[in-house]
Amino acid sequence: MLLTRYIPCLLLKGAGLVKTIKFKNPKYVGDPINTVRIFNEKEVDELIFLDIEATPQGREPNYKLLSEIADECFMPLAYGGGIKTLEQAKKIFQIGIEKVVINSAAHNNLKLIGDIATIYGTQAVIGVIDVKKSLFGKQEVVSNSANTKHKFTPEAWAKELVKAGVGEIMVTSVDMEGTWEGIDVALIKRITDTVNVPVIAHGGAGNAEHLKNAVRSGGASAVAMGSMVVYQKKDFGVLINFPDKKVLEKI
Amino acid sequence: MITIINYGMGNLGSVQNMLKRIGVATKITSEIKEIEQAEKILLPGVGAFDAAIQKIDELNLRSVLVHKAVEQKVPFLGICLGMQLLTRSSEEGVLKGLDLIPAQTIKFKFDNDPSLKIPHMGWNFVKQNNPSKLTKGFNEDYRFYFVHSYKVVCDKNENSILKTNHGGEFDSAIQKGNIFGAQFHPEKSHKYGMHLLTNFSKI
């Protein structure tokens, strides 16, 4: 039986790793290469790296750094941030990264997803849905590091992404991200009820119970974790860590 | 020395990185002359069946690969799509496979259970079906990273060395003499993958 995947989601800013809260206040948490080495030892299922500056700065991925990361990585690896063209995606795959994560580019050019999937397969493309509550409490799809709002619902966008050719969808709750307060299970459920591709739940995971809720009640195929794998505890210092296998098996 | 066939499909960097880590020398090539000299051959691959076969035929590699595998009997390992290419045909395409192991490649089909996803993507366990040098020392808790929408079905049980369950069992590693195939990605499967590649390097 296929195992649920638990995926550290690591944020790149410059050449360092940072952790944000609700997509804001990035705090330095360490060096990406060392961190990959630690996650190798811990035999984590998969890694996602997101460059949080690439799109806002309008620049391409940092291929040199990604190549150094990929060389150290003996597990599946996904990268997102600043990918706008098929050529850029090709470079990412050539480095030895097997999945690209597409968010903002899909809003500007949905065809990009199909162009990548036709050559590399749908499993090589993760579509992202970032969701944020508006002032009136309505959950809206956002992109460009939550700076751009979109009119459609998360469900509608999920359908569009699948139609365009993504093999997986990562749903991030901007409001929960970095809070340790739990994953927005209702939001995850809305997406898993709508589409049949695997859904990665992201934003707010703080303990094993949160992971369990996302999987059992939300129907997520995978959970992405940020704070809980880079900090010792909430409001404590940096400690690259990963939940014990036995704890995860019980989920 | 393991010769990795570069026909333009797949993640050669990762395979090479892991072999380097376990101390095995590699050469990546698409040159017929270099392949003729190979002591061991690794055929990687990610993507579509017909696209891969087309590229192999464009580079005129089919006959040298078959010769090395069948006549010279060098240890030969196909990974992921590279394993599917060892079969005679695939439902993914119309072109003829390398036909080195009596098996065919068919699509996963789940009509009634939405919890079974295609592609079969993620970590899954393997069960020893027939003993093999490739899987020597594997335990019950061995798991590997899979990504595929098509599965291999051997004609005969004797060629199936590992089985994996995804809506029913399929052949996740196959063997005929010196020719091996692994459906999963050892290069992305931590110490489990290192174990398999170490075994292969010692055959």
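Mentor: Let's start with what a helix axis is: a line fitted to the C-alpha atoms over the stretch in contact, with angles running from 0 to 180 degrees between N-to-C directions. Keep in mind, too, that this is a predicted model.

Trainee: Thanks! Why is helix H3 of chain A called roughly parallel to H4(A)?

Mentor: H3(A), residues 63-71, packs against H4(A) at an angle of about 30°, with the axes 9 Å apart. Angles under 35 degrees count as roughly parallel, so H3(A) is roughly parallel to H4(A). The crossing of this pair is right-handed.

Trainee: What makes the contact between H3(A) and H4(A)?

Mentor: H3(A) contributes A:Tyr63, A:Leu66, A:Ser67 and A:Ala70, while H4(A) contributes A:Lys91, A:Ile92 and A:Ile95. Sorted by class, the contact has 5 nonpolar, 1 polar and 1 charged residues.

Trainee: And why are H4(A) and H6(A) called oblique?

Mentor: The axes of H4(A), residues 86-95, and H6(A), residues 111-120, cross at roughly 40° and come within 10 Å. Roughly parallel needs an angle under 35 degrees and roughly perpendicular needs 65 to 115. An angle of roughly 40° meets neither condition, and oblique is therefore the word for this pair. Their crossing is right-handed.

Trainee: Which residues hold that second contact?

Mentor: From H4(A) come A:Leu86, A:Ala89 and A:Phe93, and from H6(A) come A:Leu112, A:Asp115, A:Ile116 and A:Tyr120. The division is 6 nonpolar, no polar and 1 charged. Asp counts as charged, so A:Asp115 is the charged one.

Trainee: Zooming out, how do you know how compact chain A is?

Mentor: Chain A has 11 helices and 12 strands. The radius of gyration is 16 Å, and the globule rule gives 18 Å for 251 residues; the two are close, so chain A is as compact as a globular protein of that length. The C-alpha trace spans about 40 × 40 × 40 Å along its principal axes, and 52% of the residues count as buried.

Trainee: How does chain B fare when set against the globule rule?

Mentor: Chain B comes to 6 helices and 12 strands. For 203 residues the rule gives 17 Å, and the radius of gyration of 16 Å is close to that, so chain B is as compact as a globular protein of its length. Its trace spans about 50 × 35 × 30 Å along the principal axes. Among contacts in chain B with a separation of 6 or more, 70% join residues 24 or more positions apart.

Trainee: Is B:Tyr142 buried, partly exposed or exposed, and how do you know?

Mentor: B:Tyr142 has 19 other C-beta atoms within 10 Å. Buried takes 20 or more and exposed takes 12 or fewer, so B:Tyr142 is partly exposed. This tyrosine sits in the loop between strands E7 and E8 of chain B. Leaving aside residues up to four places away in sequence, B:Tyr142 touches B:Phe125, B:Val126 and B:Tyr192. B:Tyr142 and B:Tyr192 are 50 residues apart in sequence, yet their C-alpha atoms are 6.4 Å apart.

Trainee: Last one: what makes up the side of chain B that touches chain A?

Mentor: In total, 23 residues of chain B are in contact with 21 residues of chain A. Elements giving two or more residues to chain B's side are H1, E6, E8 and H6 of chain B. E6(B) gives the most, with 5 residues. By class, that side has 8 nonpolar, 12 polar and 3 charged residues.

Terms used
Residues numbered from 1 in each chain as written. Chains lettered and ligands numbered in written order. Predicted model: local features only at pLDDT ≥ 70, side-chain atom pairs only at ≥ 80, totals over all residues. Helix = DSSP H or I, 4+ residues; strand = E, 2+ residues; numbered from the N terminus. Parallel < 35°, antiparallel > 145°, perpendicular 65-115°, else oblique. Left-handed = near helix turned anticlockwise from the far one by under 90°. Contact = placed C-beta atoms within 7 Å. Rg over C-alpha atoms; globule rule 2.2 N^0.38 Å.
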